[in-house]
Amino acid sequence: MKAIVLFGSPGSGKGTQAKLLKKRLGIPHISTGDMLRERIRLDGELRAGVGTVMLSGALAPDQLVNRMVEDRLGRADAAKGFILDGYPRTLAQADELCRWLDKRGVREVVIYLAVDYNSIIARLMGRRQCLRCGTLYNLVSQPPKVDLECDRDGEKLVVRDDDSETVIRERLDAYERQTRPVLEFLRQAGRRVEEVAAGADSPEQVFEKICGIVLNHDRA
Ligand code: AP5
């Protein structure tokens, strides 16, 4: 089973790389951010509670996220492997994931996308996305062919609700306080963590580096 964990700050390119990996490997892309946004869209009560928390840039409660991920990993399409994007994000989540993997004898590879602060801000401020097909763009590095329209389906591109300057600052703060320590926890626990310099390279170049790591992991 391929268990790939994409780890990194907001805007480090986890979603971009997960989409490319899914296409190459044929295993599901499991994004806790996407799952939470979908749940909030469908559930008014959750929207008022967790939705408000997310819009402020803070993290959703561990219990909710852990349950959501466990359910998702138990689905048939994840039997051969999965790509986790945005999970684990706290020590409690990391602990839960390690337990899940160990119980099944699955050896993960954690890919840490290291990106400098200025690139992160530029990427998040320039991000646009298509709500119909999910394609990600960047006004600077990956602009659409026609201004603010999706290349694939012509849908109007939108700014994500939490991509405003104030909320980005809060998300980065939550990352420093609650998520960065997870990296050290995983290293200390002897999990396989691979750092990929992902600040200056194009998405395709970063992807080739990740593929090299994943291929090596399969051989080990
Ligand atoms: P989530 O949706 O996971 O957002 P995030 O972690 O903040 O990450 P982003 O989606 O902003 O960035 P990314 O790393 O995926 O980068 P992307 O590929 O889009 O979480 C949102 C919220 O949900 C959280 O704040 C929290 O409230 C909640 N949540 C989610 N998971 C949770 C959890 N486990 N526990 C608790 N709460 C949780 O790229 C960004 C931009 O850069 C794009 O425009 C892209 O085109 C561009 N780009 C990508 N790669 C490159 C490159 N190599 N060069 C140039 N540009 C690039």
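This is a short tutorial dialogue on reading the sheet, the helices and the cavity of a predicted model.

Student: Where do I start with the sheet? What is the strand order, and is the pairing parallel or antiparallel?

Tutor: Start with the order of the strands, then their direction. Here, five strands form an open sheet in the order 2-3-1-4-7. The pairing is parallel.

Student: Which strands stand at the edges?

Tutor: Look for strands with a single partner. Strand 2 (29–31) and strand 7 (193–197) each have a single partner strand, so one side of each is left without a neighbour in the sheet.

Student: By how many degrees are neighbouring strands turned against each other?

Tutor: The average for this sheet is 20°, direction ignored.

Student: Let us take one pair. How many bridges join strand 4 and strand 7?

Tutor: Five bridges, in the parallel sense. For a residue-level view, find Y112, which stands opposite E195 in strand 7.

Student: Which strands does helix 1 lie across?

Tutor: Check the contacts, then the angle. Helix 1 (residues 14–25) lies across strand 1 (2–7), strand 2, strand 3 (81–85) and strand 4. Helix 1 runs at about 160° to strand 1.

Student: And which strands does helix 5 lie across?

Tutor: Strand 1, strand 3 and strand 4. Its angle to strand 3 is about 175°.

Student: Now two helices together. At what angle do helix 2 and helix 4 pack?

Tutor: Read the angle and the axis distance as a pair. Helix 2 (residues 32–42) and helix 4 (residues 62–73) pack at about 105°, with axes 11 Å apart. Angles of 65 to 115 degrees count as roughly perpendicular, so helix 2 is roughly perpendicular to helix 4.

Student: Which residues make the contact?

Tutor: Helix 2 brings T32, M35, L36 and R39. Helix 4 brings L64, V65, M68, V69 and R72. By class, the residues of this contact are six nonpolar, one polar and two charged.

Student: Last, the interior. How many cavities of 30 Å³ or more does a search of the whole structure find?

Tutor: One. The largest cavity has a volume of about 30 Å³.

Student: Which residues line the largest cavity?

Tutor: List them, then trace them back to helices and strands. The lining consists of L97, C98, L101, E108, V110, L186 and R191. Helix 5 (91–104) and strand 4 (108–114) each supply at least two of the lining residues. The largest share, three residues, comes from helix 5.

Student: What classes of residue make up that lining?

Tutor: Five are nonpolar, none polar and two charged.

Technical notes
Residues are numbered from 1 along each chain as its sequence is written. This is a predicted model: local features need pLDDT of at least 70, side-chain atom pairs count only at pLDDT 80 or more; totals for chains, interfaces and linings use all residues. Side-chain values use heavy atoms; hydrogens and water are left out. On a 1 Å grid over the protein atoms alone, a cavity is a set of points where a 1.4 Å probe fits but cannot get out, and a pocket is an open set with protein on both sides within 12 Å along at least five of seven lines; lining residues have an atom within 4 Å of a point. Grid points are joined across faces, edges and corners, and a volume is the space filled by probe spheres set on the points. Helices (H or I, at least four residues) and strands (E, at least two) are DSSP runs, numbered from the N terminus. Ala, Val, Leu, Ile, Met, Phe, Trp, Tyr, Cys and Pro count as nonpolar, Asp, Glu, Lys and Arg as charged, and the others, Gly among them, as polar. Axes are lines fitted to C-alpha atoms, for helices over the stretch in contact, and angles run from 0 to 180 degrees between N-to-C directions. Angles under 35 degrees count as roughly parallel, over 145 as roughly antiparallel, 65 to 115 as roughly perpendicular and the rest as oblique. Contact means heavy atoms within 4.5 Å. Two strands pair if DSSP finds at least two bridges between them.
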